[in-house]
Amino acid sequence: MYVCICKGITDNHIREAVGNGCDSLRDLRRELGVGSQCGKCARHARQVMREARSAN
Ligand code: FES
């Protein structure tokens, strides 16, 4: 499912990035560009990141 439409980033992309060491929204923005345009995805991205962390 798409989390960030502007950058075409899915929840899987975010999980993968968390697995590779991304630990904050800032990391995700730097690695994937999530939240770097309209910013509407930030909340959802944070939630997916939290879930991915607790699954690891
Ligand atoms: Fe992520 Fe717009 S949906 S920056």
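The paragraphs below lead through the structure from the whole chain to single residues.

The model is a predicted one. Its chain contains three helices and two strands. Followed along the sequence, these elements are arranged in the order β-β-α-α-α. The two strands are β1, which covers residues 2-4, and β2, which covers residues 9-10. The helices are α1, at residues 11-19, and α3, at residues 42-55, together with α2, at residues 25-32.

The overall dimensions may be considered next. Along its principal axes, the C-alpha trace spans about 30 × 20 × 15 Å. A compact globule of 56 residues would have a radius of gyration near 10 Å, and the chain agrees with this because its own value is 10 Å. Of the contacts in the chain with a separation of 6 or more, 52% are accounted for by residues 24 or more positions apart.

The surface and the interior can also be described for the chain as a whole. Buried residues make up 34% of the 56 residues. The chain exposes about 3800 Å², and carbon and sulfur atoms supply 43% of that area. As to charge, there are 10 positive and 6 negative side chains, and the centres of these two sets lie 9 Å apart.

The strand β2 provides a first single residue to examine. Thr-10 has its place in this strand. Is Thr-10 buried or exposed? A residue counts as buried when its relative accessible area is under 20%; Thr-10, at 16% relative accessibility, is therefore buried. Neighbours within four places in sequence being left aside, Thr-10 is in contact with Met-1, Tyr-2 and Val-3.

Helix α1 shows how residues on a helix can be sorted by side. Its buried residues include Asp-11, Ile-14, Ala-17 and Val-18. Viewed down the axis of α1, the buried residues fall within an arc of 120°, so they line one face of the helix. Asn-12, Glu-16 and Gly-19 are exposed on the other side of α1. Which elements cover the buried residues of α1? The cover includes both β1 and β2, as well as α2 and α3. After α1 comes Gly-21, which has a positive phi near 110°.

Helix α2 can be read in the same manner. Here Leu-25, Asp-27 and Leu-28 are buried. These residues lie on the same side of α2, because they cover an arc of only 155° around the axis. The face turned away from that buried side carries the exposed residues Arg-26 and Arg-30. Among the elements that cover the buried residues of α2 are α1 and α3. Just after this helix, Gly-33 takes a positive phi of about 85°.

One of the buried residues of α2 deserves a separate look. Asp-27 is placed in this helix, and its relative accessible area is 15%, so the residue counts as buried. With its neighbours within four places in sequence set aside, Asp-27 is in contact with Gly-21 and Cys-22. The Gly-21 in this pair is the residue with the positive phi that follows α1.

Helix α3 supplies two further residues, Ala-52 and Arg-53. How do their accessibilities compare with the limits for burial? Ala-52 has a relative accessible area of 5% and is therefore buried. Arg-53, by contrast, has a relative accessible area of 36%, so this residue is partly exposed. The reason is that partly exposed residues fall between the limit of 20% for buried and that of 50% for exposed.

The contacts of these two residues link α3 to other parts of the chain. Once neighbours within four places in sequence are left aside, Ala-52 is in contact with Arg-15 and Val-18. On the same basis, Arg-53 is in contact with Val-18, Asp-23 and Ser-24. Val-18 thus appears in the contacts of Ala-52 and in those of Arg-53, and Val-18 is also among the buried residues of α1.

Two distances complete the description of this region. Ala-52 and Ser-36 stand 16 residues apart along the chain, and their C-alpha atoms are separated by 21 Å. Arg-53 and Ile-9 stand 44 residues apart along the chain, and their C-alpha atoms are separated by 18 Å.

Technical notes: Residues numbered from 1 in each chain as written. Predicted model: local features only at pLDDT ≥ 70, side-chain atom pairs only at ≥ 80, totals over all residues. Heavy atoms only, no water. Helix = DSSP H or I, 4+ residues; strand = E, 2+ residues; numbered from the N terminus. Rg over C-alpha atoms; globule rule 2.2 N^0.38 Å. Buried < 20%, exposed > 50% of the residue type's maximum accessible area, 1.4 Å probe, protein only. Contact = heavy atoms within 4.5 Å. Areas by Shrake-Rupley, 256 points an atom, 1.4 Å probe, with all protein chains shown as cover. Lys, Arg positive; Asp, Glu negative; His and termini not counted. Charge placed at Lys NZ, Arg CZ, Asp CG, Glu CD. Arc of directions from axis to C-beta.
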